[in-house]
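Q: I would like a close look at a single strand of this model. Please show me how it is paired and what lies around it, with the cut-offs behind each term.

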Amino acid sequence: MANYSECYKNVLLASKSARWSFLFSLYGVIPAISLTMSLRLSTEDYTVAWFAPLHFEASAAILMLDEHHQTGEIGIGVASYMASEVQRDLRNIKTGLLVGIGAGIPRYGCDMRLGDVVVATPTKNNSGVYGYDMIKVEPEQTILKQWQNAPDRHIRSAITALRATRETTARFMSNLDRFRSTSFSQRPVPPSNALCGSFTQPREPIIHYGCILSGNSVIKSAKRRDELARECNAFAIEMEAAGMMNTLPVAVIRGISDWADAEKNDVWQEYAAATAAAVAKELLACLDGSHSISHQSQIWDHPRMNRAQLNVLLAKKAAQYAQPNMDWQNSVVDLLKILNLDSSREARMRLAQRWNILIGEDGSASRNVSLHRTITERLAANNGVIPDSLIRGLSVAGYAS
């Protein structure tokens, strides 16, 4: 696995809900860049495309990644079109991730639950994605008409690293912490049916690796689901991957939100989108150096605080502020207060607009969580010193000068 400090990724988010949203992310030791540096990125700098066709899947991606800049229909045809447009407009895109929700397929002896994640993984028998409705019907048999390409070697290597790394589970759960205090963190109560009742001990979501079925139909029949699954030993069903695999190499990552049966509903969708996004971030960190930023102007040559060091510094500031019950670790208002900065709603609205933090409504919990995360990351990147971009972002004058 590549050293985390070298895992710099330029990621483009393509979604139905926002025609193009550019997201830039740095993982591991350096999780965010300064605004001025990010604005110097050109379309040629983007090397990875993150596809999130549904609006809540895109929202989960925005919460998971670190910065985004402004610059979508469901189904195989639309997915293929999106992949083609990305490659046309951003010529250095090499790899894609298709991240969102899917229907789980119950398997004997496999503890699969709602909220778990399935990563499409090639085997000797298939490419990891099986386009089940791309068929030719003959008098005596039904023949698969089109076989999806397997992911390229970079993705396959990343999946192998994800499976082999002992820290994957801990990092996956740490990534889920990003959704704390948002609707995505609300894990519904599992239904009391055989799928969950077979495994009575509670546990956190886990990652499964195997084949994913892909087609244009919404399936709400357990009988049809099992008929499709039996042939290729599949783990999940979704609706976009088959249209994309032969256009752009993509890793397919699906959070289980239902069982493709008569009880199918939307209750688990946001939580499943969050778990899928949390795994996708770890997979990005496992991609090799061919997806790194090569420009010298975008590599730090000065020290950076880690999170523990930053917390010590902020704790000292909180002690000096001398106000009881401060929750600066989670509250953006309290964080701004101990930094002696304007914490009013109007100031936070200005900052969100100027930093292009667009998740949620003004004043919402998800907007405040995103602001808190970005502020702490930029403090760490600036070695604990309040960056000028934060002061100007909060001010009425802003960037007018």
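A: The protein has 13 helices and 12 strands. Both are DSSP runs, numbered from the N terminus: helices are H or I over at least four residues, strands are E over at least two. This is a predicted model, so local features need pLDDT of at least 70 and side-chain atom pairs count only at pLDDT 80 or more, while totals for chains, interfaces and linings use all residues. Residues are numbered from 1 along each chain as its sequence is written, and side-chain values use heavy atoms, with hydrogens and water left out.

Some context comes before the strand. Of the 401 residues, 55% count as buried. Buried means under 20% relative accessible area, exposed means over 50%, and partly exposed lies in between (1.4 Å probe, protein chains only). The protein exposes about 17900 Å², and carbon and sulfur atoms supply 50% of that area. The areas come from the Shrake-Rupley method with a 1.4 Å probe; for residues, only the protein chains shown count as cover.

The strand to look at is β5, residues 95-104. Why is β5 described as largely enclosed by the rest of the structure? Because 10 of its 10 residues are buried. A general point helps when you view it: in a regular strand, the side chains alternate between the two faces of the sheet.

Now the pairing. Two strands pair if DSSP finds at least two bridges between them. Strand β3 (residues 48-51) runs parallel to β5, with four bridges joining them. Here Ala 49 stands opposite Gly 96 of β5. Strand β12 (residues 250-258) is also a parallel partner of β5, over eight bridges. Gly 96 appears again in this pairing, opposite Val 250 of β12. Strand β11 (residues 234-238) runs antiparallel to β5, with two bridges. In that pairing, Ala 103 has Ile 237 of β11 as its bridge partner.

Next, the space beside these strands. The second largest pocket holds about 330 Å³. It has 20 lining residues, and Ile 101, Val 218, Met 239, Asp 258 and Lys 264 are the closest to its centre. Three elements give two or more residues to the lining: β5, β11 and β12. A pocket is found on a 1 Å grid over the protein atoms alone: it is an open set of points with protein on both sides within 12 Å along at least five of seven lines, and lining residues have an atom within 4 Å of a point. Grid points are joined across faces, edges and corners, and the volume is the space filled by probe spheres set on them.

From β11, move on to β10. Strand β10 covers residues 207-214 and includes Ser 214. Ser 214 is buried, at 0% relative accessible area. Its side chain makes a polar contact of 2.5 Å with the side chain of Glu 238. A polar contact is a pair of N or O atoms within 3.5 Å; within protein, one must be able to donate a hydrogen and the other to accept it, and residues adjacent in sequence count only if both atoms are side-chain atoms. Beyond its neighbours within four places in sequence, Ser 214 is in contact with several residues, including Val 129, Tyr 130, Asp 133, Glu 238 and Met 239. Contact means heavy atoms within 4.5 Å. Met 239 is also among the residues closest to the centre of the pocket.

His 208 is found in β10 too. His 208 is buried, with a relative accessible area of 7%. Its side chain makes a polar contact of 2.9 Å with the side chain of Asp 116. Leaving out residues up to four places away, His 208 touches Cys 110, Asp 111, Val 118 and Phe 235, among others.

One residue outside these strands offers a contrast in exposure. Glu 270 lies in helix α8, residues 269-286. At 29% relative accessibility, Glu 270 counts as partly exposed. Setting aside residues up to four places away in sequence, Glu 270 touches Phe 56, Ser 183 and Phe 184. The C-alpha atoms of Glu 270 and Phe 184 are separated by 5.1 Å, although the two are 86 residues apart along the chain.

Back to β5: its partners are β3, β12 and β11. Its residues are buried, 10 of 10, and β5 also helps to line the second largest pocket.

Note on methods
1 Å grid on protein atoms, 1.4 Å probe; cavity = no way out; pocket = protein on both sides within 12 Å on 5 of 7 lines; lining within 4 Å.
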